[in-house]
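Me: Let's go through this model together, starting with the conventions.

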2 protein chains.
Amino acid sequence: MTDPAPGRRRRDAAATRQAILDAAVAAFTRHGYDGVGVREIAQSAGVTAMLINRYFGSKERLFAEAVDVAFAPRTVIAGTGAELPGETARALVRRTAPEAEELGPFLLMLRSAANPQAARIMREAIALHAGRHLNEELCGPDAGVRAELMLSVQAGVWLMRRVLGTTALAEAEPEKLAERLESLFGLLAEGGSPQPARRPLAEGGSPQPARRPLAAAPPEG
Amino acid sequence: MTDPAPGRRRRDAAATRQAILDAAVAAFTRHGYDGVGVREIAQSAGVTAMLINRYFGSKERLFAEAVDVAFAPRTVIAGTGAELPGETARALVRRTAPEAEELGPFLLMLRSAANPQAARIMREAIALHAGRHLNEELCGPDAGVRAELMLSVQAGVWLMRRVLGTTALAEAEPEKLAERLESLFGLLAEGGSPQPARRPLAEGGSPQPARRPLAAAPPEG
DNA sequence: TGGCGAAGTCTACGACTGTAGACATGGCTG
DNA sequence: CAGCCATGTCTACAGTCGTAGACTTCGCCA
């Protein structure tokens with residue numbers, strides 16, 4: 001994986017550092033923080049284990065940088081506006097398909113959560129990346145809670161479908177599964193208070209008092 | 001933790017075996033499969049590491065028995081019938097509170113998911129325990145998928161709130177969080193096809209067309 | 001072309017892992 | 001009281017872990 005060196009990489013500090021970082025992201029995603037050693041990562045990058053300590057200081061700091069790389073893209077949330085729930089649900093179902101080879105931040109998160117230090121690093125990364133990105137899309141009351149609940153649902157589906165591989169979810173029809181998840185995400189994307197009709201004390205008889213969490217419909221269909 | 005031996009346990013094979021098993025459940029739940037060694041488990045049980053191999057054959061088989069013990073109680077799903085979503089949501093919020101000391105099968109699941117062998121053991125245990133229990137409560141179309149989706153949501157909340165400790169969910173007001181989760185579980189508890197009216201196209205006619213996920217309102221507010 | 005600093009490697013250490021085999025010990029039965 | 005087998009412990013082994021220090025090699029610049 002991640003071919004070590006095509007012709008033999010010459011002495012290029014930046015390229016070597018990047019090769020180590022790429023190998024670390026892949027390795028941590030596949031096996032988790034405790035499941036992979038620095039020797040294995042170094043071999044994937046085509047270098048020696050000691051170079052990891054030279055460039056990153058320690059395995060823990062390498063992990064922190066790998067987490068930053070893996071959590072940076074906003075692919076965890078797909079689509080904008082009214083299409084956010086559907087797009088996110090369909091992307092989630094597609095990427096967690098049993099035959100999919102795609103990696104992603106959720107696999108890294110789930111497989112490294114057991115280690116307390118790794119958990120702390122990821123908590124801080126989530127506060128930086130995912131929280132910021134999601135708050136751009138979600139507005140309304142409790143946007144932070146709803147954003148993290150969307151992440152929770154996605155993480156749970158990744159866990160069951162890809163990490164554990166439970167039967168029902170693995171064999172479910174993708175379209176119907178995506179529709180169910182879309183309804184869940186729709187409930188979290190809209191900013192209204194939960195269960196509008198069942199809360200008698202909620203002011204306002206209209207079940208959707210503030211239904212404009214999305215500024216404008218995006219141009220693309 | 002789990003005081004090794006009050007006065008000094010005499011030679012009692014069954015009690016010793018049970019002590020090892022109890023210590024294993026606690027240790028695997030706290031640190032995950034790869035995060036704890038057999039010596040540590042044995043010390044918690046007040047015995048020597050080799051006795052684990054004598055009674056269970058290997059660390060992996062001890063883990064399998066611990067998983068069976070941890071997954072056996074049906075506490076992952078609370079309440080019955082119409083009160084299932086609310087009861088499950090409130091129990092989930094209570095047990096995942098940051099100050100809660102309670103352990104549980106989801107912590108064991110999340111913290112051991114990185115190891116492939118542990119994942120396989122837990123997949124089989126879920127197929128036995130959780131699937132059977134949940135299918136007793138949930139009926140209708142795609143009951144298995146909906147059951148595993150309920151497990152997914154719960155696992156995600158456990159991950160974010162207790163394992164990672166993300167800020168928004170950790171600091172959320174328990175009552176409002178429980179209401180949001182209750183609406184999610186209500187969507188999964190009812191057997192109807194997802195998105196009854198929003199599927200044709202998101203024309204904003206009636207936002208809440210069919211909203212009777214629960215037969216009767218639970219007594220408590 | 002020489003040399004010098006950066007880039008990369010080699011060896012090794014101490015700690016830890018799961019487990020196999022040999023050894024010790026105590027409670028029950030004759 | 002004697003013996004014996006289940007119960008439990010001790011020592012050890014082969015392996016892996018992260019990483020510190022010394023060493024070598026290459027590329028650039030004067």
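Reply: Helices are DSSP runs of H or I with at least four residues, strands are DSSP runs of E with at least two, and both are numbered from the N terminus. This is a predicted model, in which local features need pLDDT of at least 70 and side-chain atom pairs count only at pLDDT 80 or more, while totals for chains, interfaces and linings use all residues. Residues are numbered from 1 along each chain as its sequence is written, chains are lettered from A and ligands numbered from 1 in the order in which they are written, and side-chain values use heavy atoms, with hydrogens and water left out.

Me: ok, which residues of chain A does the "DNA-binding region" annotation cover?

Reply: The UniProt record, an unreviewed entry, places that annotation on residues 37-56 of chain A; UniProt positions are given in the numbering used here, feature names are shortened, and annotations may be inferred rather than shown by experiment. In the model, residues 37-56 of chain A are 80% helix and 0% strand, with end C-alpha atoms 14 Å apart.

Me: and how many helices and strands in chain A overall?

Reply: Chain A has 10 helices and zero strands. Of its 221 residues, 51% count as buried, where buried means under 20% relative accessible area, exposed over 50% and partly exposed in between, with a 1.4 Å probe and protein chains only. Taking contact as heavy atoms within 4.5 Å, 72% of the chain A contacts between residues at least 6 apart in sequence join residues at least 24 apart.

Me: on to the DNA. Which residues come nearest to DNA strand C?

Reply: A residue is near a strand if one of its heavy atoms lies within 4 Å of it, and 22 residues surround DNA strand C, of which Thr48(A), Tyr55(A), Arg11(B), Arg39(B) and Lys59(B) come nearest. Of the strand C atoms that come within 4 Å of the protein, 49% are sugar and phosphate.

Me: what is 2.4 Å from a base oxygen of DNA strand C?

Reply: That is an N or O atom in the side chain of Arg11(B). On the phosphate side, a polar side-chain atom of Thr16(A) lies 2.8 Å from a phosphate oxygen of strand C, and a polar backbone atom of Val38(B) is 2.9 Å from a phosphate oxygen of that strand. The elements giving two or more residues to this surface are α1 (13-31) and α3 (49-56) of chain A, together with α2 (38-45) and α3 (49-56) of chain B; α3(A) gives the most, with four residues.

Me: what about DNA strand D, which residues come nearest there?

Reply: Of the 22 residues around DNA strand D, the nearest are Arg11(A), Arg11(B), Thr48(B), Arg54(B) and Tyr55(B). Of the strand D atoms within 4 Å of the protein, 51% belong to sugar or phosphate and the rest to bases. An N or O atom in the side chain of Arg11(A) is 2.4 Å from a base oxygen of strand D, one in the side chain of Thr16(B) is 2.8 Å from a phosphate oxygen, and a polar side-chain atom of Arg39(B) lies 3.4 Å from a base nitrogen. Here α3(B) supplies the largest share of the surface, four residues.

Me: how many nonpolar, polar and charged residues near DNA strand D?

Reply: Eight nonpolar, five polar and nine charged, with Ala, Val, Leu, Ile, Met, Phe, Trp, Tyr, Cys and Pro counted as nonpolar, Asp, Glu, Lys and Arg as charged, and the others, Gly among them, as polar. The surface near DNA strand C divides into eight, five and nine in that order of classes.

Me: switching to Thr96(B): buried or exposed?

Reply: Thr96(B) counts as buried because its relative accessibility is 0%, and its place is in the loop between α5 and α6 (105-112) of chain B. The side chain of Thr96(B) makes a polar contact of 2.9 Å with the side chain of Arg161(B); such a contact is a pair of N or O atoms within 3.5 Å, and within protein one must be able to donate a hydrogen and the other to accept it, with residues adjacent in sequence counting only if both atoms are side-chain atoms. A polar atom of the Thr96(B) side chain also lies 3.4 Å from the backbone oxygen of Val93(B). Leaving aside residues up to four places away in sequence, Thr96(B) touches Val157(B), Trp158(B), Arg161(B) and Arg162(B).

Me: and how many residues of α6(B) are buried?

Reply: Eight of the eight are buried, so α6(B) is largely enclosed by the rest of the structure; Phe106(B), Met109(B) and Arg111(B) are among them.

Me: last one, what span should helix α10 of chain B have?

Reply: The expected span is 1.5 Å times one less than the number of residues, so the 16 residues of α10(B) (174-189) should span 22 Å, and the 21 Å between the end C-alpha atoms agrees. The buried residues of α10(B), including Leu181(B) and Phe185(B), pack against α8 (143-164) and α10 (174-189) of chain A, together with α5 (84-95), α8 (143-164) and α9 (167-171) of chain B.
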